[in-house]
Amino acid sequence: MRDFSYSRARDLSDAYAADGAGRMAIAGGTELLNWFRLGIAAPAQVIDLAGVEDLRGIRSDGQQLSIGALATLAEVGENPEVKAHAAVLAQACVAAASPQVRNRATLGGNPLQKSRCASSRAEEPLPWPCNKRRAGSGCAALEGLNDRHAIFGWTDACVAVQPSDPIVALAALDAQLAIAGPQGRRELAAAALHLTPEEAASEGLDPALAETRLAPGEVITGYRVPIRRGARSAYVKVRERASYEYALVSAAAAIELEDGLISRAAIALGSVALKPWRLTQVEARLAGLPPTREAVLPVLKDAFGDARPLAHNRFKIAMAAGAAARAIVEAAA
Amino acid sequence: MDQTPPGSRLQLTCRVNRQPVAAEVEARTTLLDFLRDRLRLTGVKKGCNEGACGTCTVLVDGKRMNACLTLAIQCEGREITTIEGVGSAEALHPVQQAFIAHDALQCGYCTPGQILSAIACIAEGHATDPDTVREWMSGNICRCSAYPQITAAVLDAARQSGPERHA
């Protein structure tokens, strides 16, 4: 690991110097230290956010939950207000990583982690092409082993998926990110933080390098999660070992019931695209159905008509539809 | 905001195993390398060095963390506990005794991390039944696969010491 200069931000404005390249902000560091080791990043300066009080705390005012960016995944996962009003988020945090990592990793940093694509996440110098690591070099996963990769939103430039669990829950909860930067403060829907390569290309950005809608110097300061009376939610993570593993696919369901039938449903999938994938085209059609697998699965399957599986990941279509159905059933239970 | 250039030494003041420590470190020095190479606390093991195996688990202010994913300088003012600060040859910690009683190790390389993780797991109240222990001890890999014995040892130690006991 190359050495870097180190400073402690005293307030938010100190953090705005972090441009994400030569100057990077550190919170827990569980992801950043591995970027340094692999050569994914080699900043000259690291700015420690740990002392910025504005980024702390988990509060509820009855209308919404406010969660500071420095809240650890462990703190969010065990918080009584989060468990009561946003169970899917608490479950997603506890399903992420290990107890040790969750004691350091923060909710602000977690969605900014990079893909686990084995072709991308290797030590310098990369022996194969990756457009994220060396612009224009190609994508080794496109024609290589791509069972873990995207079925939505990919282009030839990049077929990776975003592995964050909490961002999938936040997307289903219609959470808003609070963002601060040199230009001021703004909010952004959690589901809109990341860009798929397809979206980036359509906006004239580099499809492999434009990963989020954060501008240089902008910091996620926290999250605002609306509290809906009677809402129930659940997170289902399908993986190759029962714990401490990234998802093959995951599903977050946030639903409301009236007389035993679904009256409103929001579903987001994880690890199927480079962003949490909301099933907006079928969510309205879930209303009026009983929250049973038999009732919801045919509707959920219709959300995969435009899926574009790669050579090795066609299984993700059935698996993701099944995970979404299970999330609905568990949310209603 | 004070800033020190790369290569310079930063002042670190913390407590390690209840003893005050003052040292100079580079910004890039991980807590793991600091404990092993500077303080010679080699009970802290380096396995994967990327947060995947848990063998470098230590307690920071009583919470279990991967020392390889923590910069030493991030531990300013913190209390760090390594296996050297748990029990003694004459008076083992109940978790250490339970690991021996249940034969919860073969090669022993992961054991310091397992013990510290188990102490925290019990203190958190997560040592209630085998499934819960397996979930909440999943951050510690054992390549000898002593998992059934580790699970039994953690449950046994939890029964003996109660959730309030701590390192």
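Biologist: How many helices and strands does chain B have?

Modeller: This is a predicted model, where local features need pLDDT of at least 70, side-chain atom pairs count only at pLDDT 80 or more, and totals for chains, interfaces and linings use all residues. Residues are numbered from 1 along each chain as its sequence is written, with chains lettered from A and ligands numbered from 1 in the order in which they are written. Taking DSSP runs numbered from the N terminus (helices H or I, at least four residues; strands E, at least two), chain B has five helices and five strands.

Biologist: And what's the order of those elements, from the N terminus on?

Modeller: The C-alpha trace that carries them spans about 50 × 30 × 30 Å along its principal axes. Reading chain B from its N terminus, you get β-β-α-β-β-β-α-α-α-α.

Biologist: How far apart are the C-alpha centres of the two domains of chain B?

Modeller: The domain assignment (bounds are automatic or taken from a database) splits chain B into domain 1 (10–85) and domain 2 (94–161). Their C-alpha centres are separated by 21 Å.

Biologist: Which element gives the largest share of the side of domain 1 of chain B that touches domain 2 of chain B?

Modeller: Counting a contact when two C-beta atoms, placed from the backbone, lie within 7 Å, 15 residues of domain 1 of chain B touch twelve residues of domain 2 of chain B. On the domain 1 side, the elements giving two or more residues are β3 (57–60) and β4 (63–66) of chain B. With three residues, the largest share comes from β3(B).

Biologist: How does that side of domain 1 of chain B divide by class?

Modeller: The classes are nonpolar (Ala, Val, Leu, Ile, Met, Phe, Trp, Tyr, Cys and Pro), charged (Asp, Glu, Lys and Arg) and polar (the others, Gly among them). For the side of domain 1 of chain B that touches domain 2 of chain B, the split is six nonpolar, six polar and three charged residues.

Biologist: On to the helices: why do α3(B) and α5(B) count as oblique?

Modeller: Axes here are lines fitted to C-alpha atoms, for helices over the stretch in contact, and angles run from 0 to 180 degrees between N-to-C directions. Under 35 degrees is roughly parallel, over 145 roughly antiparallel, 65 to 115 roughly perpendicular, and the rest oblique. Helix α3 (residues 111–124) of chain B packs on α5 (residues 147–161) of chain B with axes 10 Å apart, at an angle of about 45°. The two helices are therefore oblique.

Biologist: How many nonpolar residues does the contact of α3(B) with α5(B) have?

Modeller: From α3(B) come B:Gln114, B:Ala118, B:Cys121 and B:Ile122, which meet B:Ile150, B:Val154, B:Ala157, B:Ala158 and B:Ser161 of α5(B). This contact has no charged residues and two polar ones, and its nonpolar residues number seven.

Biologist: What about α2(B) against α5(B): how is that pair classed?

Modeller: Helix α2 (residues 94–101) of chain B packs against α5(B) with axes 8 Å apart and an angle of about 140°. So this pair is classed as oblique.

Biologist: How many charged residues are in the contact of α2(B) with α5(B)?

Modeller: B:Pro94, B:Val95, B:Ala98, B:Phe99 and B:Ala101 of α2(B) meet B:Ala153, B:Asp156, B:Ala157, B:Gln160 and B:Ser161 of α5(B). By class there are seven nonpolar and two polar residues, and the charged count is one.

Biologist: Which element gives the most to the side of chain B that touches chain A?

Modeller: That contact takes 30 residues from chain B and 29 from chain A. In chain B, β4 and α4 (130–136) each supply at least two residues. With four residues, the one giving the most is β4(B).

Biologist: In chain A, which elements give two or more residues to the side of domain 1 that touches domain 2?

Modeller: Chain A is assigned domain 1 (55–112 + 167–226) and domain 2 (232–332). Their contact takes 20 residues from domain 1 of chain A and 19 from domain 2 of chain A. On the domain 1 side, the elements you're after are α5 (87–95) and α8 (166–172) of chain A.

Biologist: Now the backbone: which residues does the cis peptide bond in chain A join?

Modeller: Look in the loop between α6 (99–102) and α7 (140–143) of chain A, where A:Pro125 is found. Omega is about -5° for the cis bond joining A:Glu124 and A:Pro125.

Biologist: What phi does B:Asn49 have?

Modeller: B:Asn49 sits in the loop between α1 (31–38) and β3 of chain B. Although B:Asn49 is not a glycine, its phi is positive, at about 60°.
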